[in-house]
Amino acid sequence: MSFQKVLKLSTSAEIPEIGLGTWMSKPHEVENAVEIAVRNGYRHLDLAMIYENQDEVGRALKKVIPSVVKREDLFITSKLWNHSHQPDQVEKELDETLKLLGLDYVDLYLVHWPVAFVPGRGFYPSDDGHQAVLDLETSLVDTWKAMIKLPATGKVRAVGVSNFTMDYIKGIVAATGVKPVVNQVEAHPLLPQLELLEFCRTSGIHITAYSPLGNNLKGKPKLTEHPAVKEVAQKLGATEAQVLVAWGAHTGFSVIPKSVQEDRIISNFKQVELSKEDYEKISAIGHNNHTRFNIPYGYTPMWDISLFDEPEEKNAKY
Ligand code: NDP
């Protein structure tokens with residue numbers, strides 16, 4: 001079992017460099033995956049209400065705390081879904097998450113997307129099956145003001161955001177004086193987020209890279225099959241996924257690859273070092289070829305378009 005590097009957050013807490021993603025699984029897969037991950041050294045888990053599997057994660061946690069790991073040695077992130085942005089809903093949704101997980105607190109709680117849906121109509125309120133019904137009365141500042149009260153409750157150690165542009169971050173900080181501890185965004189060689197990284201670095205905001213393997217969905221071009229990634233993997237005797245995780249870590253992100261397969265969970269966690277030359281070779285994949293794999297449900301131009309200026313797969317040529 002390998003133990004791994006941790007990165008310091010502005011709160012002085014430490015976030016393990018590699019965590020387990022938990023989005024998109026079949027029933028029971030995540031329970032098993034979380035147990036395998038923790039037994040094999042993972043200490044960082046990335047969860048969300050919208051993944052609809054936090055109950056499974058809770059069952060896995062019961063199997064490993066305290067027999068395999070102490071609660072305080074885990075770093076658990078969860079996220080507030082878009083239909084609970086209303087200030088009176090924020091703590092309620094957190095309470096629901098804690099109940100599902102069987103925990104007293106999470107280490108990090110994020111605003112999942114910078115958009116509020118109308119409350120009380122399920123996760124995906126829609127009039128026509130395609131467009132989300134937005135709550136235009138609730139601003140990000142309203143939600144952030146409710147979020148920053150949470151650490152005082154003892155139910156979260158830190159709060160942050162996800163999918164936030166620089167302008168969104170500047171807006172909530174200007175209104176409250178409180179910076180998010182983390183911004184979790186899609187980041188991989190095809191979407192390196194360098195400008196955002198620089199802004200966050202100078203502001204003391206840590207970035208966690210999601211979809212570090214390029215999401216690898218069926219029918220989409222797979223980043224793990226990119227010739228440059230394959231070449232470096234072969235040279236290092238590593239897997240393609242290890243190379244992509246190493247690229248994210250080398251850039252300065254914490255990285256949260258998802259897998260529900262035991263061999264991949266274990267191998268994705270094994271750290272590989274990239275030389276400057278190999279790092280640059282992988283980085284070159286994204287030069288003038290940016291590709292975003294995640295376009296959220298209900299995306300409309302009423303959301304900040306700058307977040308989505310790289311249309312899904314527009315330029316994926318390989
Ligand atoms: P990833 O880039 O982690 O890719 C996951 C896919 O890659 C799965 O299909 C998985 O299949 C496959 N895979 C895993 N390991 C390997 C390997 N070694 N070789 C080849 N294929 C592999 O995509 P995600 O989009 O899931 O992102 C990771 C995590 O980030 C999510 O699970 C979630 O926790 C978080 N996230 C957050 C978002 C946000 O808005 N904040 C949005 C999207 C993701 P299999 O399971 O079968 O191994």
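# A walk through three helices, a ligand and two loops

Let's start with a crossing: helices H7 and H10 cross each other in a left-handed way. Keep in mind as you click around that this is a predicted model.

**Stop 1: H7 and H10.** Select residues 227-236 for H7 and residues 276-283 for H10. Their axes sit 9 Å apart, and the packing angle is about 160°. An angle over 145 degrees counts as roughly antiparallel, and H7 and H10 are therefore roughly antiparallel to each other. Now show side chains. On the H7 side, pick Ala228, Val229, Glu231, Val232, Lys235 and Leu236; in H10 they meet Glu277, Asp278, Lys281 and Ile282. Colour this contact of H7 with H10 by residue type and you get 5 nonpolar residues, 5 charged ones and no polar ones.

**Stop 2: H7 and H8.** Keep H7 on screen and add residues 240-251, which are helix H8. How far apart are the axes of H7 and H8, and at what angle do these helices pack? The axes are 8 Å apart and the angle is about 100°. H7 and H8 are therefore roughly perpendicular to each other. To see who touches whom, select Val229, Lys230, Val232 and Ala233 of H7, then Glu240, Val243 and Leu244 of H8. In this contact of H7 with H8, 5 residues are nonpolar, 2 are charged and none is polar. Val229 and Val232 of H7 are worth a label, since they take part in the contact with H10 and in the one with H8.

**Stop 3: H8 and H10.** Hide H7 for a moment and look at the remaining pair. The axes of H8 and H10 cross at roughly 105° and come within 10 Å of each other. That angle makes H8 roughly perpendicular to H10. Select Val243, Trp247, His250 and Thr251 in H8, along with Tyr279, Ile282 and Ser283 in H10, to light up the contact. Here the contact of H8 with H10 has 4 nonpolar residues, 3 polar and no charged.

**Stop 4: the ligand.** Next, centre the view on the ligand. How many residues surround it? There are 28, and the closest are Asp46, Leu213, Asn215, Ser259 and Gln261. Zoom in on Asp46: an N or O atom of its side chain is 2.7 Å from an oxygen atom of the ligand. Then try Trp23, where a backbone N or O atom lies 2.9 Å from a ligand oxygen. At Thr22, a backbone N or O atom lies 3.1 Å from an oxygen atom of the ligand.

**Stop 5: two loop details.** Select Met24, in the loop between strand E3 (20-21) and helix H1 (29-39). Met24 is not a glycine, yet its phi is positive, at about 65°. Finish at Pro66, which lies in the loop between helix H2 (54-64) and strand E5 (75-80). Show the backbone there: the peptide bond joining Ile65 and Pro66 is cis, with omega about 0°.

Technical notes:
Residues are numbered from 1 along each chain as its sequence is written. This is a predicted model: local features need pLDDT of at least 70, side-chain atom pairs count only at pLDDT 80 or more; totals for chains, interfaces and linings use all residues. Side-chain values use heavy atoms; hydrogens and water are left out. Axes are lines fitted to C-alpha atoms, for helices over the stretch in contact, and angles run from 0 to 180 degrees between N-to-C directions. Helices (H or I, at least four residues) and strands (E, at least two) are DSSP runs, numbered from the N terminus. Angles under 35 degrees count as roughly parallel, over 145 as roughly antiparallel, 65 to 115 as roughly perpendicular and the rest as oblique. A crossing is left-handed if the near helix is turned anticlockwise from the far one by less than a right angle, and right-handed if clockwise. Contact means heavy atoms within 4.5 Å. Ala, Val, Leu, Ile, Met, Phe, Trp, Tyr, Cys and Pro count as nonpolar, Asp, Glu, Lys and Arg as charged, and the others, Gly among them, as polar. A residue is near a molecule or strand if one of its heavy atoms lies within 4 Å of it. A polar contact is a pair of N or O atoms within 3.5 Å; within protein, one must be able to donate a hydrogen and the other to accept it, and residues adjacent in sequence count only if both atoms are side-chain atoms.
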